[in-house]
Amino acid sequence: GMTYWWSRRYSEALKAFDRAIALAPDQMWPYLGKTFNFWSWKGVAPEGRAALDTVPLTNPWGAWTWYWQVVFEGRYPEALATLDALEGDWIRIKIGARPKALYRAYVYELSDQPQQARKALEEARSMLEAEVAADPDDPRFHSSLGIVYAMLGRKEEAIREGRVAVELFPVTKDAIYATPYAIDLAHIYAITGEHEAAIEQLDKLLQHPGWISTAYLMVDPRWNPLTEDPDYQALLARHSD
C-alpha cells in the first residue's frame, strides 16, 4: 500500500490498505496509510476521515494525522483539540519534530488571530533553538525552526535553517523520508515571498515518487501564499492527473 501510494497508484494502494486492514484490523498503520493515500488522491474525502475512526489521538502519529485532516477540512477548533489530547509539548515523529505551539500558530494564523499566533511562534522559537543547539545534526529541528523564523518575518534565518535541513538529509540519500525537509524548504520560500524558488522545489517533488500531488497541494493551506501566482497555477495544471 505504501509503495503504491508513493508511486501515485492510488486505486491499487487503496486495495492493498483495505487488504491489510482485513488481515490485521487492530493495527494502526493500514488505517493511517489509507488516509494518507486519500490526501494524495482526492485531498479531503469522507473515506479518508472514516479510516481514522479507530486511530487514537494519544498516539503521536494519530494526533498528527487527525490534526492535518481537520485543518484540511477547515475545522480549526478541532485541530486545537487534537493537540490537547496528546500528552507533552511536542509531536515527534520520523518525518518531523515540532512543538505543539507551532501547530497552534498555523491554526491561529488561519483563524485570523495574529496575537495568539505570535505568542505561539515565540514559544516554539525558544523551544526549537534549544533543540538545535543540543542536537545540531537532526534536520527535523532545523526545518521546524526555519518555518518559525519565516512566520516571524526573519527571512534570511528561515531560509538558512531550511537549507541546512535539506543538506543534512537530502532526497538523494533517502527518496521518501527526506521529502519532508524539501517540502518544508518550499514552505519557507512560500512564506517569505520567494515564490519562484518554492514552485521550483514543488516541481521537483512532483516529478519523483512521493506523497506530494496536486490534490494534496490544493487542500493544504500552507500553500495559500502561492494561490494567486500564475506560475503556481501552471504547475498544478502541468502535474494534474
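# A walk from Arg 8 to the pockets

At 24% relative accessibility, Arg 8 counts as partly exposed, because that label covers the range between the buried limit of under 20% and the exposed limit of over 50%. Keep in mind as you look around that this is a predicted model. Arg 8 sits in the loop that runs between α1 and α2 (10-23). Its backbone is worth a look too: phi of Arg 8 is near 65 degrees, a positive value in a residue that isn't glycine.

Arg 8 has a counterpart further along the chain. Asp 112, a residue other than glycine, also has a positive phi, near 60 degrees. You'll find Asp 112 in the loop between α7 and α8. With a relative accessible area of 66%, Asp 112 is exposed.

Step out of that loop and you're on helix α8, which takes in residues 114-134. This helix has 21 residues, and from its first C-alpha to its last it reaches 30 Å, close to the 30 Å expected at 1.5 Å a residue. Which residues of α8 are buried? They are Ala 117, Ala 120, Leu 121, Ala 124, Met 127, Leu 128 and Val 132. Look down the axis of α8 and those buried residues fall within an arc of 140 degrees, so they line one face of the helix. Swing round to the other side of α8 and you meet exposed residues: Gln 115, Lys 119, Ala 133 and Ala 134. As for what sits over the buried residues of α8, the cover includes β1 (90-93), β2 (96-99), α7 (100-110) and α9 (139-151).

Now go back along the chain to helix α6, residues 76-85, whose buried residues are Ala 79, Thr 82 and Leu 83. Seen down the axis of α6, these fall within an arc of 100 degrees, so here again the buried residues line one face of the helix. Pro 77 and Asp 84 are exposed on the other side of α6. The cover over the buried residues of α6 includes α5, β1 and α7. Two of those names should ring a bell, since β1 and α7 are also among the elements that cover the buried residues of α8.

That leaves the pockets. The largest one holds about 420 Å³ of space. Its lining takes in 27 residues, and the ones nearest the centre are Trp 61, Trp 64, Ile 95, Pro 180 and Trp 211. Which elements give two or more residues to this lining? They are α1 (2-6), α3 (29-42), α5 (60-72), β1, β2 and α11 (179-191). Sorted by class, the lining of the largest pocket comes out as 21 nonpolar residues, one polar and five charged.

The second largest pocket has a volume of about 280 Å³. It is lined by 16 residues, and closest to its centre are Val 171, Ala 182, Gln 201, Lys 204 and Leu 205. The elements that give two or more residues to this lining are α11 and α12 (195-206). Of the elements involved, α12 gives the most, with three residues. By class, the lining of the second largest pocket divides into 11 nonpolar, four polar and one charged. If you're tracing both pockets on screen, α11 is a handy landmark: it is among the elements giving two or more residues to the lining of the largest pocket, and it is one of those doing so for the second largest.

Definitions and conventions:
Residues numbered from 1 in each chain as written. Predicted model: local features only at pLDDT ≥ 70, side-chain atom pairs only at ≥ 80, totals over all residues. Heavy atoms only, no water. Helix = DSSP H or I, 4+ residues; strand = E, 2+ residues; numbered from the N terminus. Expected span 1.5 Å × (residues − 1). Buried < 20%, exposed > 50% of the residue type's maximum accessible area, 1.4 Å probe, protein only. Arc of directions from axis to C-beta. Contact = heavy atoms within 4.5 Å. 1 Å grid on protein atoms, 1.4 Å probe; cavity = no way out; pocket = protein on both sides within 12 Å on 5 of 7 lines; lining within 4 Å. Points joined across faces, edges and corners; volume = space filled by probe spheres on them. Nonpolar A, V, L, I, M, F, W, Y, C, P; charged D, E, K, R; others polar.
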